[in-house]
Amino acid sequence: PWAQGGPTDLANLTLLCRPHYPDHTRTGWTCTITDGLPHWTPPTWLDPQQTPLRNTAHNHHTTPPP
C-alpha cells in the first residue's frame, strides 16, 4: 500500500467504491496486483485458506459489450 511506502503508479493502483474503501483494511482484506490485475485476499475469519479473489463483475475483458 502507498501508506506503507509502496509506489504511487498505475501498475500499483486499484479503485474502490466509497463505502468499501475505509472498511477493507479494518476488516482484514488485502489487495495485491498480479499480472496487472487486483486480487483481493479475504481475512482468515472469512476464508481460513485466504484464497486471492478477482472481482470480474465489471471486467471489460470478460464482459461482452452491450
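Two strands are said to pair if DSSP finds at least two bridges between them. Helices (H or I, at least four residues) and strands (E, at least two) are DSSP runs, numbered from the N terminus. The structure described here is a predicted model, in which local features need pLDDT of at least 70 and side-chain atom pairs count only at pLDDT 80 or more, whereas totals for chains, interfaces and linings use all residues. Residues are numbered from 1 along each chain as its sequence is written, and side-chain values use heavy atoms, with hydrogens and water left out.

The protein contains 1 helix and 2 strands, arranged along the sequence in the pattern α-β-β. The confidence of the predictor in each residue is expressed as pLDDT, on a scale from 0 to 100. The average pLDDT of the protein is 80, and 83% of the residues score at least 70. Among the elements, the lowest mean pLDDT (78) belongs to α1 and the highest (89) to β2. Where pLDDT is low, the predicted coordinates should not be read in detail.

Strands β1 and β2 pair in the antiparallel sense over 5 bridges. One residue of this pairing is Ile33, whose bridge partner in β2 is Pro38. The two strands form a hairpin with 2 residues between them. Asp35 lies in the loop between β1 (30-34) and β2, and its phi is near 55°, a positive value in a residue other than glycine. With a relative accessibility of 77%, Asp35 counts as exposed, since the classes are set as buried under 20% relative accessible area, exposed over 50% and partly exposed in between (1.4 Å probe, protein chains only).

Thr41 belongs to strand β2 (residues 37-41) and is buried, with a relative accessible area of 11%. Its C-alpha atom is separated by 5.2 Å from that of Thr30, although the two residues are 11 apart along the chain. If residues up to four places away in sequence are not counted, Thr41 touches Gly28, Trp29, Thr30, Gln50, Thr51 and Pro52, a contact being defined by heavy atoms within 4.5 Å. Of these residues, Gln50 lies in the segment after β2. Gln50 has a positive phi of about 50° although it is not a glycine, and it is partly exposed at 33% relative accessibility.

For the protein as a whole, 14% of the 66 residues count as buried. Of the contacts with a separation of 6 or more, 8% are between residues 24 or more positions apart. The accessible surface comes to about 5,700 Å², and carbon and sulfur atoms account for 61% of it; accessible areas come from the Shrake-Rupley method with a 1.4 Å probe, and for residues only the protein chains shown count as cover.

A nonpolar patch on the surface is formed by Leu10, Leu13 and Leu15, which together have about 390 Å² of accessible area. Patches are made of residues with over 30% relative accessible area and no salt bridge, with like charges joined within 9 Å and nonpolar side chains (Val, Leu, Ile, Met, Phe, Trp, Tyr) within 5 Å. A salt bridge is a side-chain nitrogen of Lys or Arg within 4 Å of a carboxyl oxygen of Asp or Glu. Leu13 is located in the segment before α1 (23-26) and is partly exposed, with a relative accessible area of 46%.
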